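The following note is offered to a colleague who is meeting this structure for the first time. Please read each point with the sequence and the structure at hand.

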Amino acid sequence: MSATNSKLSPPRFNRYSRKSYAAFQSLGREVCIGVLSVAMLSTQQVTARTVQDTQAVRDTTIHDEASLDELTVTSAPSPLAMLAQSRMVTVITRDEIARAAVPSVNDLLKSVAGVDVRQRGGFSMQTDISIDGGTFDQLTILLNGTNITNPHTGHLTMDLPVNVSDIERIEILEGAASRVCGAGAFGGAVNIVTRAVANDAPRHEFRASVYGGSWGTVGGEAQWCAPTGRSAHLLSAGAMRSDGGTANSDCRRLNAYYNGSAGTFRWQLGAADKRYGANTFYSPKFPEQWEENRRYVASLATDIRLSKAQSKTRVVLLPSAYWVHTDDHFQLVRGTATGENFHRVDVIGGALTADIAWSIGKTSLGVNVRHERIASTNLGAPRETTSKYDHADQRTLGDLRLDHSLTLGRWSLSAGVVASAATAFGGVRFYPGIDIAYRPDSHWRLYASYNSGFRLPTFTDLYYSGAERQGNGSLSPEETHQLSLGTAFRTSWAEASVRLFYHRGSHMIDWVKYSAADPVYYAADFDLHNLGVQVAASADLARAFGLPQTLLRLSCAYTHIRQWRRDAREVYKSSYAGEYLRHKFTARFAHTIYRGLSAEWSLRVCDRTGSYELYENHQPTGTLHAYTPYALIDTKIQWQTRHLTVSLTAENITNRRYYDLGNIPQPGTCLLAAIAWTL
């Protein structure tokens, strides 16, 4: 039910079908669905055509003014929504994405208080993402449930083949999720869910947009939605270029994406090409670094129902397979062979999960196999070859997962374990977890959870040797044990939550210097205790008081983190793990101006702990400089009709100069104008 008709009683269902005559498919209008993710920054709305395929949310609830009634969605699940009943899963909705009008997923994640986004340049060309004080390698990135995390280095994980306009929602799980997402979901997971097209949608739809602005930036996107009756297809492409807002940060990006469905089968293909000035990427001694990488993604999934019509036990098999390929070309000195490296990475994986719904809950049993291979001029063991890739390495990961969830009155319980093994790291490791939630009434939820997680060292951690960097082939997998407590309150138009978390990590990996005189940073491990608190609140005033209404939405969130670190020997300088956001505050509000004209404002305040080594004339001075807090204000003014949207976005409107990473000043004010239309 849309916000403009909030006084009407929304429809309720307790089963979902993809048949053309099914209720969700035949409504032809919005159905209000509240995923149990009370840390969201605004009320979630999902259209009927998106509640299917990879976008279906299993074990969610229909949300209205009075109650949260259980809804079982029988299509392919979102892996993070499985945890939504007993943990908090933050969701950035399609409405929020449209209002933000940002050019990249990375910019969308900046609005989430528990997420740290560190940039070396604009437009997501060189961006690291981490959660709850972790590092960029400790995060699993999923595209429609497919793990596209890069084993070469987490620096390249966010090289996505999709446009922002392709995205239906972004699901963010803060905390270990290895028992659901496998290796890599050490500190959390981000699932990017693209728009789906209903097979029986009434017509084809074409969307296009162009934008341009500061620093010679220009770009465009196009998207075609094509239902055929028996199948459905989405095809999109995007391109942009910019001179960049800082020295040596010019960039160019091309991407193409396609997803389709027919019957129970779903598939996707994606390609991304990025070329950019890599501003002091590995060392401020070399300010003219350059990088080019190309990425290809392909996956296929289906679901097979084995249960009989009269049986109380329902069994669904969910087989899937995927392939991710990356070509990377790096130059330490742009346009020369100095410090030049080439890397080629292939990841091939497959999974088979059996979901069994029976009288005492739902049991999920799954097996997953993932093979990672790299050929490189630098990473891996030396090998005899006639090609330029004279180093190589490979490893295979396998895990067996068992999970069971059930609801007993006001209680929800989910517990499970993953048994994992990887070649070159020896033995089988077990990582259990349990999540418990209690609802005293329809508005409140209390929860507690314990989860463990792990991640393998990247090939860069193990092997890299170059300018001021030295890998470590003896590193062990990182491991963590995490506790979380929280409470949440939700009505039809407002919500608030508090989350406490504690992480205890061992064999944590960082790049460190042991003294000011050290010529390089070494890959080393350490132990870490991480304690934090997060509070969030939001109000949808348009839903509460109806329209017309000047102030539409208001939200704010705050995260505070403290860490205690123990190294085998004293560390002079940490590259990543010692530079976390101790404080992060975000606030957003949206309001109307006149008829179709509206505005949204956002505030982000960040206080980063740690320090960076000052360089003068591209040489280290041996002096450490602490990061200073900063506050950024962004705004977007938008005029919208049925088929046309015109917007003006201003980022960092106070022209604040700040540092996400040492010796790399971030850009000042950026203005972007955009026009989009739908046919």
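**Notes on selected loops and strands**

1. S111 is a buried residue, since its relative accessible area is 16% and the cut-off for burial is under 20%. The model is a predicted one. S111 belongs to the loop that runs between α3 (105-109) and β7 (115-119). Its side chain comes to 2.9 Å from the backbone oxygen of L108.

2. A second loop position of interest is N248, found between β15 (231-242) and β16 (251-262). N248 is not a glycine, yet its phi is positive, at about 50°. As background, most residues other than glycine have a negative phi. N248 is also buried, with a relative accessible area of 11%.

3. T280 should be read alongside the preceding point. This residue sits in the loop between β17 (265-277) and β18 (290-301). T280, again a residue other than glycine, has a positive phi near 50°. With a relative accessibility of 9%, T280 counts as buried.

4. Attention may next turn to an open sheet of five strands, whose order is β6-β11-β12-β9-β10 and whose pairing is mixed. Which strands stand at its edges? They are β6 (89-92) and β10 (146-147); each has a single partner strand, so one side of each is left without a neighbour in the sheet.

5. The partner of β6 is β11 (residues 167-174), and the two pair in the antiparallel sense over four bridges. Within this pairing, I92 has I170 of β11 as its bridge partner. In general terms, the strands of a sheet pair through backbone hydrogen bonds, in either a parallel or an antiparallel manner.

6. Further along the chain, twelve bridges link β35 (residues 581-594) with β36 (residues 597-608) in an antiparallel pairing. One of the residues involved is K584, whose bridge partner in β36 is C606. The two strands form a hairpin, with two residues between them. In the turn, R595 has a positive phi of about 50°.

7. Strand β36 also pairs with β39 (residues 630-640). How many bridges join β36 to β39? There are ten, and the two strands run antiparallel. Here W601 stands opposite T635 in β39. Strand β36 can thus be followed from its pairing with β35 to its pairing with β39.

Conventions: Residues are numbered from 1 along each chain as its sequence is written. This is a predicted model: local features need pLDDT of at least 70, side-chain atom pairs count only at pLDDT 80 or more; totals for chains, interfaces and linings use all residues. Side-chain values use heavy atoms; hydrogens and water are left out. Two strands pair if DSSP finds at least two bridges between them. Buried means under 20% relative accessible area, exposed over 50%, partly exposed in between (1.4 Å probe, protein chains only). A polar contact is a pair of N or O atoms within 3.5 Å; within protein, one must be able to donate a hydrogen and the other to accept it, and residues adjacent in sequence count only if both atoms are side-chain atoms.
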